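Work through the exercises below with the structure open beside you. Try each task before you read its solution.

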Amino acid sequence: MEPLLQHLERFSEVLAVSRTTHVSTWDPVTVRRALQWARYLRHIHKRFGRHARISKALERRLQNQWKQQGDSGPAPAPGLANFQALGLCDQLLSLRLLANPALGDASFHYLLQQLFPGPGIPDAEEESLQGSLARLARRRAALHMLRFNAYGENPALQEDPLMKTQAELLLRRLQEVGEADAGGPGRLLSSLWERSPQNNFLKVVAAALLLPPSSPRHQEEELKLGSPKTPGEEGQELLRWLLGKSDVMVAFCRSLPAGLLTLVAGRHPELSRVYLGLLTDWGRQLHYSLQKGLWIGTESQDVPWEELLSRFQSLCQAPPPLKYEVFTALKSCKAQDGDFEVPGLSIWTDLLLSLGSSA
């Protein structure tokens, strides 16, 4: 029992340090060992949760430790205050480190790999951490919905609370690095694009761009705290970075589902114009095959007719003014192409015909 209690005391110290500037000295190996330690304590919670004598002894030691620290100085940060908290060790440690701007880039990227696992089959420990973070994300999303009731217009965020939590963490990190260095957000995003699983990263970027603005009360609190940034500015920095990276923007518009892109385009007019420009560029790459009776590309990476039509259909179902802008662009392209009315001569004519009478 005594070695176990010593483990508890040591990990409590690690958890307290995780919120301080001392984590600047932590490398990925240190973070990995801390997470392994946390998983060990979670295993202890699972093993002894039904043993009342052991769980009570552990809880008394935890409470005595916090009481002693509280008597000797400022009240400690909430952490392992009871036996049940042992089952949340890896969650507490991961989220505290992610929210700590002092954490080094390499260690921060290691933690992001826990949130952005990418393809493949994770081992049991990674699966457990993902599951626990997902459960925590669902609870946080439920609290947000109860407090603000602001996600009814965005079913994509409602259906994936873990993605929403990742988006919130990304915006928080952008704010923190931006306060330290004006060029920090761009470097962070470029690093994440290069090192993270790209398709999942793009989904998080989309979710971040769809997050509603802070409530007026929350904005007032941020300003009272003396934040040098305008509330919501980190979202605009994310948008500027995305629009300034042509390769990322192409991947963003090609990889993400049509419905999700329509939501983002409806929220951000600057992005909708670039997206519409890419769609028209992709359309110009197709030519009509008399043999097959359809529009085809010459290269394997060309966007198929079916995908092009699907993306235009989604945009045309968006509320004004986006819907009208799309039809205006298509009619302009049709006019420049000869304003044909016969199918098979102009892809813009065929798109407008396929989109129906609403054009």
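**Exercise 1. Classify a ring pair, starting from burial.**
Task: Decide whether Trp-193 and Phe-201 are buried or exposed, then find how their rings are arranged.

Solution.
Step 1. Trp-193 and Phe-201 are both buried. Buried means under 20% relative accessible area, exposed means over 50%, and partly exposed lies in between (1.4 Å probe, protein chains only).
Step 2. Know your source. This is a predicted model: local features need pLDDT of at least 70, side-chain atom pairs count only at pLDDT 80 or more, and totals for chains, interfaces and linings use all residues. Residues are numbered from 1 along each chain as its sequence is written, and side-chain values use heavy atoms, leaving out hydrogens and water.
Step 3. Apply the ring rule. Rings of Phe, Tyr and Trp (its six-membered ring) pair if their centres lie within 6.5 Å; planes under 30 degrees apart are stacked, over 60 edge-to-face, and the rest tilted.
Step 4. The whole structure has four aromatic pairs. In one of them, Trp-193 and Phe-201 sit 6.4 Å centre to centre with 50° between the planes, a tilted pair.
Step 5. Compare another pair. Tyr-288 and Trp-295 have ring centres 5.3 Å apart and planes at 65°, so this pair is edge-to-face. Tyr-288 is partly exposed at 29% relative accessibility, while Trp-295 is buried at 9%.
Step 6. Look for a cluster. Ring pairs link Trp-193, Phe-201 and Trp-241.

**Exercise 2. Describe a helix.**
Task: Find the span of helix α10 and list its buried residues.

Solution.
Step 1. Locate the helix. Helices (H or I, at least four residues) are DSSP runs, numbered from the N terminus. Helix α10 covers residues 198-210, 13 residues in total.
Step 2. Check the span. The expected value is 1.5 Å times one less than the number of residues. From first C-alpha to last, α10 reaches 18 Å, close to the 18 Å expected.
Step 3. Count the burial. In α10, 10 of the 13 residues are buried, so the helix is largely enclosed by the rest of the structure. Among them are Asn-200, Phe-201, Leu-202 and Leu-209. Leu-210 is also in this helix and counts as buried at 3% relative accessibility.

**Exercise 3. Explore the core.**
Task: Which residues touch the most other members of the largest nonpolar core?

Solution.
Step 1. Define the core. It is a set of buried Ala, Val, Leu, Ile, Met, Phe, Trp, Tyr and Cys residues joined through side-chain atoms within 4.5 Å.
Step 2. Name the residues. In this core of 83 residues, they are Leu-209, Leu-242, Phe-252, Leu-271, Leu-308, Phe-312 and Leu-351. Helix α10 gives the most to this core, with nine residues.
Step 3. Zoom in on Leu-271. Contact means heavy atoms within 4.5 Å. Leaving aside neighbours within four places in sequence, Leu-271 has contacts that include Leu-209, Leu-242 and Phe-252.

**Exercise 4. Judge a salt bridge.**
Task: What does the salt bridge between Asp-90 and Arg-42 tie together?

Solution.
Step 1. Apply the cut-off. A salt bridge is a side-chain nitrogen of Lys or Arg within 4 Å of a carboxyl oxygen of Asp or Glu. The structure holds nine.
Step 2. Check the distance. Asp-90 and Arg-42 meet at 2.2 Å, N to O.
Step 3. Place the partners. Asp-90 is in helix α4 and Arg-42 in helix α2, so the pair ties together parts 48 residues apart in sequence.
Step 4. Check burial. Asp-90 is buried at 0% relative accessibility, and Arg-42 is buried at 19%.

Notes
Helix = DSSP H or I, 4+ residues; strand = E, 2+ residues; numbered from the N terminus.
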